[in-house]
Amino acid sequence: MNSDSGLRVVVIGATGNVGTSVVRALAAEPRVDSVVGLARRRPALELPKTRWEEVDLSKNEDAGTLLTCIRGADAVVHLAWRFQPTHNPGTTWRTNVLGSMRVFEAVAAAGVPSLVYASSVGAYSPGPKTGPGVDETWPTHGWPGAAYCREKAYLERVLDTYERDHPKVRVVRMRPAFLFKEQSASEQRRIFAGRFFPGPLLRPGLLPFVPDIEGLRFQALHTDDAAQAYRLAVIGDARGPFNLAADPVIDAQRLSELLDARIVKLPRRAAHGAIAAAWHLRVAPASPDLFDAVLRLPLMSAERAGRELGWRPTESGLDAVTAFLRGVREGSGDLTRPLAGRRIG
């Protein structure tokens with residue numbers, strides 16, 4: 001911490017689903033004096049204590065700007081991630097992997113004492129869908145078919161080496177479940193279902209059925225609750241990985257109750273085939289490999305985050321999914337380019 005003021009925190013990827021919540025949480029924290037939000041495009045959003053800078057992690061020529069922005073920071077929170085285009089994984093690799101490595105190198109070069117990095121449940125190897133959930137020692141080799149999981153797992157290995165080579169940097173790895181809030185719904189609909197998916201279709205009673213697919217059990221978390229974990233990591237002294245998830249587990253039964261739709265058993269192969277056809281025709285942007293990964297991701301225990309960070313979610317997983325569904329129906333958004341609200345198109 002600077003001797004004459006509170007913490008100066010840099011948030012990279014500050015205009016997306018997680019970034020907007022993290023910046024708001026940090027701006028409300030008395031021990032934080034200022035927040036610098038980095039993004040590819042400067043937003044219209046105005047927040048207390050916050051200024052915005054433009055940096056594109058996929059461009060090597062922006063490395064100098066990145067270093068200038070984080071020099072003198074007490075902590076860097078790295079959230080930036082590119083999900084599309086799934087048909088060109090080289091593009092996502094340049095931002096997600098090479099861009100993240102530029103961030104890690106800049107943190108060390110600038111002498112920043114703390115790095116809080118957004119990993120994911122997607123970094124985990126396939127695991128159990130029942131029981132109390134895996135802890136942070138579960139292998140993080142991802143699911144090899146999905147670019148998202150490969151990239152998250154690769155960066156876990158990069159950070160293993162980074163922590164060995166830079167022991168003075170306190171590294172925190174957040175591994176959250178699926179993150180939802182109302183304001184991110186339009187963005188997430190565009191990323192995973194496509195910009196022309198009709199949001200009003202998700203009103204209760206309109207969907208004819210909810211598919212019950214083997215392995216379709218996952219955890220959800222409200223993004224604002226995840227942001228509080230990041231805030232606690234910034235102001236505290238914890239290090240290492242932390243699972244973040246809320247109860248209950250979301251499955252076909254829970255979804256059918258939310259959407260007032262009947263449950264229909266659907267074989268994995270049939271579901272994969274339908275998604276693969278839509279993806280190859282470029283009707284849906286989410287790849288079938290990512291669907292395969294979701295069916296294999298383990299449930300997680302967030303006990304360590306409660307014990308060492310003092311973190312507890314205030315919203316249930318059902319609350320998070322409900323907020324997302326409401327946002328999709330209403331075309332909700334926020335004053336940033338990634339979160340621009342739209343119903344269709």
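Which residues are buried in H4? The legends below take up that question and then turn to other close-up views of this predicted model.

**View 1. Helix H4 and the elements that its buried residues pack against.**
In H4, the buried residues are Cys149, Glu151, Lys152, Ala153, Leu155, Glu156, Val158, Leu159 and Tyr162. These buried residues of H4 pack against H3, against strands E5 (114-118) and E6 (170-176), and against helix H9 (288-294). The helix itself is made of 19 residues and reaches 27 Å from its first C-alpha to its last, which is close to the 27 Å expected at 1.5 Å a residue. As a general point, an α-helix has 3.6 residues a turn, so residues three or four places apart point the same way.

**View 2. Strand E4 with its partners E1 and E5.**
Both faces of E4 are covered, since Ala75 and Val77 on one side are buried, as are Val76 and His78 on the other. In a regular strand, side chains alternate between the two faces of the sheet. Strand E1 (residues 7-12) runs parallel to E4 and is joined to it by four bridges, and within this pairing Val9 has Ala75 of E4 as its bridge partner. E4 also runs parallel to E5, to which three bridges join it, and here Val77 has Val116 in E5 as its bridge partner. From E4 the chain crosses through H3 to E5, and this β-α-β crossover is right-handed.

**View 3. Aromatic pairs, with Phe83 and Phe192 in the foreground.**
Counting rings whose centres lie within 6.5 Å as pairs, the model has eight aromatic pairs. In one of them, Phe83 and Phe192 meet edge-to-face, with 5.6 Å from centre to centre and 70 degrees between the planes. This pair links distant parts of the chain, 109 residues apart, with Phe83 in the loop between strand E4 (75-78) and helix H3 (89-110) and Phe192 in helix H5 (residues 185-193). Phe83 counts as partly exposed, because its relative accessibility is 33%, and Phe192 is likewise described as partly exposed, with a relative accessible area of 34%.

**View 4. Trp93 and Tyr154, a ring pair between H3 and H4.**
The ring centres of Trp93 and Tyr154 are 5.0 Å apart and their planes stand at 65 degrees, so the pair is edge-to-face. Trp93 belongs to helix H3 and Tyr154 to helix H4 (residues 147-165), so that the pair links distant parts of the chain, 61 residues apart. Trp93 counts as partly exposed at 29% relative accessibility, and Tyr154 counts as partly exposed at 39%.

**View 5. A cluster of rings and two charged ends over rings.**
Ring pairs link Trp81, Phe83, Tyr148 and Phe192 into a cluster. Over the ring of Trp81 sits the charged end of Lys152, at 3.7 Å from the ring centre, and Lys152 is also one of the buried residues of H4. In another such arrangement, the charged end of Arg296 sits over the ring of Trp143, 4.3 Å from its centre.

**View 6. Cis peptide bonds before Pro85 and Pro248.**
Gln84 and Pro85 are joined by a cis peptide bond with an omega of about 5 degrees, and Pro85 lies in the loop between E4 and H3. A cis peptide bond also joins Asp247 and Pro248, where omega is about -5 degrees, and Pro248 is placed in strand E11 (residues 246-250).

**View 7. Positive phi at Asp260 and Arg282.**
Asp260 is a residue other than glycine, yet its phi is positive, near 50 degrees. It lies in the loop between helix H7 (252-259) and strand E12 (262-265), and Asp260 is exposed, with a relative accessible area of 55%. Arg282, which is not a glycine either, has a positive phi of about 60 degrees. Arg282 is found in the loop between helix H8 (268-280) and H9, and it is exposed, with a relative accessible area of 62%.

**View 8. The surroundings of Gly333.**
Gly333 is located in the segment after helix H11 (317-330) and is partly exposed, with a relative accessible area of 28%. Although Gly333 and Ala185 are 148 residues apart in sequence, their C-alpha atoms are 7.0 Å apart in space. Once its neighbours within four places in sequence are left aside, Gly333 is in contact with Gln183, Leu339, Ala340 and Gly341.

Definitions and conventions. Residues are numbered from 1 along each chain as its sequence is written. This is a predicted model: local features need pLDDT of at least 70, side-chain atom pairs count only at pLDDT 80 or more; totals for chains, interfaces and linings use all residues. Side-chain values use heavy atoms; hydrogens and water are left out. Rings of Phe, Tyr and Trp (its six-membered ring) pair if their centres lie within 6.5 Å; planes under 30 degrees apart count as stacked, over 60 as edge-to-face and the rest as tilted. Helices (H or I, at least four residues) and strands (E, at least two) are DSSP runs, numbered from the N terminus. Buried means under 20% relative accessible area, exposed over 50%, partly exposed in between (1.4 Å probe, protein chains only). A charge sits over a ring if NZ of Lys or CZ of Arg is within 6 Å of the ring centre and within 35 degrees of the ring normal. The expected span of a helix is 1.5 Å times one less than its number of residues. Contact means heavy atoms within 4.5 Å. Two strands pair if DSSP finds at least two bridges between them. A crossover is right-handed if, with the strands pointing away from the viewer, the path from the first strand over the helix to the second runs clockwise.
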